Amino acid sequence: MRAREVRKAFFEYFREKQHTFVAPSPVVPRNDPTLLFINAGMNQFKNIFMGEENPLFPRAVNSQLCIRVSGKHNDLEEVGADTHHLTSFEMLGNWSFGDYGKKESISWAWELLTETFKLNKKNLYATVFETDDEAFSLWQQVTDISHEHILRCGKKDNFWEMAQTGPCGPCSEIHLDRGPEACDFVGDTEGHECRVNGDCARYIELWNLVFIQFDCQKDGQLKELPHLHVDTGLGLERLAAVMQNTLSVYETDLFWPIIQKIESLSNVSYDPGPDGMPHRVLADHVRTLVMAISDHVMPSNEGRGYVLRRILRRAARYGNKMGLTGKPILYQLVPDTIDIMKAYQPDIVKRKSFVQEVIKAEETAFMDTLDSGLERFECIAKEMLEKGKAVIPGTDAFKLYDTYGFPLDLTQILATERGLEVDSDGFEKCMIVQKKRSRKDTAIQQSESSASVSKGKDTMAPVRQDGDSPDSTDTCILAEFRGAPGGGEARMPETETDRLQIARHHTVTHLLQAALRQVLGDHVNQAGSLVDTDHLRFDFSHFKTLTSEEKNKIDKLI
């Protein structure tokens, strides 16, 4: 059964149970500053669970693209090392907003898995929170699961919390025994026991049924909610692997075409074992990049953009390990990735060229420094080992970041491979010093800009890229228009003439932004500005320096 058929069967089953289909949200939260990316299907229903919003319908079903590479849910370093961890995945889900409860969600999940998808009942296990007697009894009463396969587990595995306070509740997970061949410790089993919630991939979690029935208070007390809500999540990639009779999500139709393209571009055959890690990293990471960049996230040095930069550079490094030295590969995987994703996300097709261009520009910029950075790292590591030292100084790690564009975690990965550690505290201290210096330099540049304006320049300064470090490919580009002489930096208007001049420059910021978006694309967003009586400054995000032709088009449009 292909992945799209699995998704369709899930939707149809719950539509028959009177669930309303709800379109998935973008991967970037629109009104939730607590999240960098959507990391669960329930995110768009958060206000309902918090009691801040009334639901439009009692039951819902959908499939949500999720990205988990930061905060509490961060699987980045596991990706590629095994066959089932991903930085992004599609979560199938069904919800009840105070309508049905544990009985229905348990019986329906069991029916769907065993009757619709025909999973072997003997291989399924259910876990419940250790004190949830109701869920434990329901598994015995409304399903024909083997009673020995119903397990009580602690808070770490079977109690869901949105945050330290607020909606929370016990959950019941459904696990699948994929057989001893799926164990990660085959051939080296000393001290290891395959078990549910263990440390190997034999017993894999498929579905999590969360019962939101409490409101956690500041003192830790659990207050019963007026109505129980149900929030479930079933991983499409994992279920697709089961339905396609493979132990690896990367060997499903959701990833295999990308793996084949990597084989073609690299002339390196895929290995399902450890040697296939570069293929898996590239296949996973390009999908996450496509999802995020399609939703207007640009690689940068902060927030979401920095997460993307880390992902891209991790992938580039593994491409380098495959022998693709100095050869960008990720951008060439974009068309195949979009061909797979367009069945459920058709809007990404029209952004294919833009996504490719962004990834290629970022990849190329990093390739320019990757080899020299790796060479520099090897010198540092060799020196540490020769001196019998186990920790790379923070100053060296910072130089790898500042000069060669190596994120700290990339240096840490390289260090671990050599049996070394990195002084991360020292690195952070260097970062703080650099930020202070950067703010000081910016203030000086702004002062000099004001001084040049007061000398009576009346030109449009060339659009330029701010900064020359390896991380500057995304940095705000500054555009300055300078008008009549006089005036200062960001001051309040004193006369009617001043107000008119400021109004004119304010208008031009809007004209400039509109022209930029028309010429460069709708990814352009304002990142700061200054409006004064005699000039304006407009900062915006773009992935490369503007060409003369682009500048002329913008000028003519304005």
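Start by selecting D177 and Y203: D177 stands opposite Y203 in strand β10. What you have open is a predicted model, where local features need pLDDT of at least 70, side-chain atom pairs count only at pLDDT 80 or more, and totals for chains, interfaces and linings use all residues. Residues are numbered from 1 along each chain as its sequence is written, and side-chain values use heavy atoms, with hydrogens and water left out.

**Stop 1: around β10**

Now colour strand β9 (residues 166-177), which runs antiparallel to β10 and is joined to β10 by ten bridges. Strands here are DSSP runs of E with at least two residues, helices are runs of H or I with at least four, and both are numbered from the N terminus. Two strands pair if DSSP finds at least two bridges between them.

Add strand β11 (residues 222-235), which pairs with β10 in the antiparallel sense over nine bridges. Pick L209 and you'll find its bridge partner in β11, T232. β10 and β11 form a hairpin with five residues between them, and G220 in the turn has a positive phi of about 90°.

Why is β10 (residues 203-216) described as largely enclosed by the rest of the structure? Because twelve of its 14 residues are buried. Buried means under 20% relative accessible area, exposed means over 50%, and partly exposed is in between (1.4 Å probe, protein chains only).

**Stop 2: another hairpin**

Jump to strands β16 (residues 526-531) and β17 (residues 535-540), an antiparallel couple joined by five bridges. Q526 stands opposite F540 in β17. This hairpin has three residues between its strands.

Select D532 in the loop between β16 and β17. Is D532 buried or exposed? D532 is buried, with a relative accessible area of 0%. Show R499 too: the two C-alpha atoms are separated by 9.2 Å, although D532 and R499 are 33 residues apart along the chain.

**Stop 3: rings**

Time for some aromatics: the structure holds 21 aromatic pairs. Rings of Phe, Tyr and Trp (its six-membered ring) pair if their centres lie within 6.5 Å; planes under 30 degrees apart count as stacked, over 60 as edge-to-face and the rest as tilted. Try F49 and F97, whose ring centres are 6.0 Å apart with planes at 45°, so the pair is tilted. F49 lies in helix α2 (residues 46-49) and F97 in the loop between β5 (88-96) and α3 (102-116), so this pair ties together parts that are 48 residues apart in sequence. Both F49 and F97 are buried.

Next, select F10, Y13, F14, Y100, W108 and W207 together, as they form one aromatic cluster.

Then look for a charge over a ring (NZ of Lys or CZ of Arg within 6 Å of the ring centre and within 35 degrees of the ring normal). R152 lies over the face of F136, at 4.3 Å from the ring centre. R317 does likewise with Y318, at 5.5 Å from the ring centre.

**Stop 4: D409 and its neighbours**

Finish by selecting L76, E77, R310, R313, R314, P407, D409, L410 and I413, which line the second largest cavity (on a 1 Å grid over the protein atoms alone, a set of points where a 1.4 Å probe fits but cannot get out; lining residues have an atom within 4 Å of a point). The elements giving two or more residues to this lining are α9 (303-321) and α13 (408-417).

Conventions
1 Å grid on protein atoms, 1.4 Å probe; cavity = no way out; pocket = protein on both sides within 12 Å on 5 of 7 lines; lining within 4 Å.
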